[in-house]
Amino acid sequence: MRFTSRLLQSFPSRITFFRREGCGLCVQARSVLSDVWDRRPFEYKEVDIVKPESKAWRDLYDFDVPVIHISKAQAPEEDPQLSSKAVKLMHRFTVEQVEAKMNQVEES
């Protein structure tokens, strides 16, 4: 993705992308996030829910990936126990839906 060159800058929003390898919807979701990035950069973190260290996320999202959480960049790291309160989009989403959620988070 084109995120790497600006990762050290500070942005108002952070998107955490929960995915698994071989997931066709995840490939589409990554493309949407890349298009959002081109219009409105954000901090980015990716979580492969299949990795052993991501077991808590796999327990939550095993049948729901792709999932994105959108938060303020300075917010604490994502916590599986607080996932019900997260601003999120699941499965299929558009650039406009992601930007609307970013606006919601940044204005709160």
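Here are some exercises with worked solutions on a predicted model.

**Exercise 1. Helix α3: span and faces**

Task: Check the span of helix α3 against its number of residues, then find which residues are buried and what covers them.

Solution. Start with the length. Helix α3 covers residues 95-107, which is 13 residues. The expected span is 1.5 Å times one less than the number of residues, and for α3 that gives 18 Å. The end C-alpha atoms of α3 are 18 Å apart, so the two values agree.

Next, take the burial. The buried residues of α3 are Val95, Val98, Glu99, Met102 and Val105. Looking down the axis of α3, you find these buried residues within an arc of 120 degrees, so they line one face of the helix. The face turned away from that buried side carries Glu96 and Glu107, which are exposed.

Finally, ask what sits over the buried residues of α3: the cover includes β1, α1 (24-39), β3 (67-72) and β4 (87-90).

**Exercise 2. Helix α1 and its last residue in contact with α3**

Task: Repeat the span check for α1, list its buried residues, and then place Arg39 relative to Val95.

Solution. With 16 residues at 1.5 Å a residue, α1 should span 22 Å. Its end C-alpha atoms are 24 Å apart, which counts as agreement.

The buried residues of α1 are Cys26, Ala29, Val32, Leu33, Ser34, Val36 and Trp37. They pack against β1, β2 (43-48), β3 and α3.

Now turn to Arg39, which is also in α1. Its relative accessibility is 53%, and since exposed means over 50%, Arg39 counts as exposed. Along the chain, Arg39 and Val95 are 56 residues apart, yet their C-alpha atoms are 9.3 Å apart in space. Setting aside residues up to four places away in sequence, Arg39 touches Val95, Glu96 and Glu99.

**Exercise 3. Two strand residues that touch**

Task: Decide whether Thr16 and Val47 are buried or exposed, and list what each one touches.

Solution. First, locate them: Thr16 is in strand β1 (residues 13-19), and Val47 is in strand β2.

Second, apply the cut-off. Buried means under 20% relative accessible area. Thr16 has 2% relative accessibility and so counts as buried. Val47, with 8%, is buried as well.

Third, read off the contacts, leaving out residues up to four places away in sequence. Thr16 touches Lys45, Val47, Val67, Ile68, His69 and Glu78. Val47 is in contact with Thr16, Phe17, Phe18, Arg19, Ser54 and Trp57. Each residue therefore appears in the other's list.

For a contrast in β2, try Glu43. Its relative accessibility is 24%, so Glu43 counts as partly exposed. The C-alpha atoms of Glu43 and Ser54 are separated by 20 Å, with their positions eleven residues apart along the chain.

**Exercise 4. The disulfide**

Task: How many disulfides does the whole structure hold, and which cysteines are joined?

Solution. A search of the whole structure finds one disulfide. It joins Cys23 to Cys26, with an S to S distance of 2.5 Å. For the geometry, the angle about the S-S bond is 80 degrees, and the link of Cys23 and Cys26 is right-handed. As for their surroundings, both Cys23 and Cys26 are buried.

**Exercise 5. Backbone exceptions**

Task: Find what is unusual about the backbone at Pro66 and His91.

Solution. Begin with the general rule: most residues other than glycine have a negative phi, and most peptide bonds are trans.

The peptide bond from Val65 to Pro66 is cis, with omega near 0 degrees. Pro66 belongs to the loop between α2 (55-61) and β3.

His91 is not a glycine, yet its phi is positive, at about 65 degrees. This residue is in the loop between β4 and α3. At 33% relative accessibility, His91 counts as partly exposed.

**Exercise 6. The largest pocket**

Task: What is the volume of the largest pocket, and which residues are closest to its centre?

Solution. The largest pocket holds about 220 Å³ of space. It is lined by 13 residues, and the closest to its centre are Ser71, Pro76, Glu78, Leu82 and Ala86. To finish, look at the elements: β3 gives the most to this lining, with three residues.

Key: Residues are numbered from 1 along each chain as its sequence is written. This is a predicted model: local features need pLDDT of at least 70, side-chain atom pairs count only at pLDDT 80 or more; totals for chains, interfaces and linings use all residues. Side-chain values use heavy atoms; hydrogens and water are left out. Helices (H or I, at least four residues) and strands (E, at least two) are DSSP runs, numbered from the N terminus. Buried means under 20% relative accessible area, exposed over 50%, partly exposed in between (1.4 Å probe, protein chains only). Contact means heavy atoms within 4.5 Å. The arc is that of the directions from the helix axis to the C-beta atoms. A disulfide is a pair of cysteine sulfur atoms within 2.5 Å. On a 1 Å grid over the protein atoms alone, a cavity is a set of points where a 1.4 Å probe fits but cannot get out, and a pocket is an open set with protein on both sides within 12 Å along at least five of seven lines; lining residues have an atom within 4 Å of a point. Grid points are joined across faces, edges and corners, and a volume is the space filled by probe spheres set on the points.
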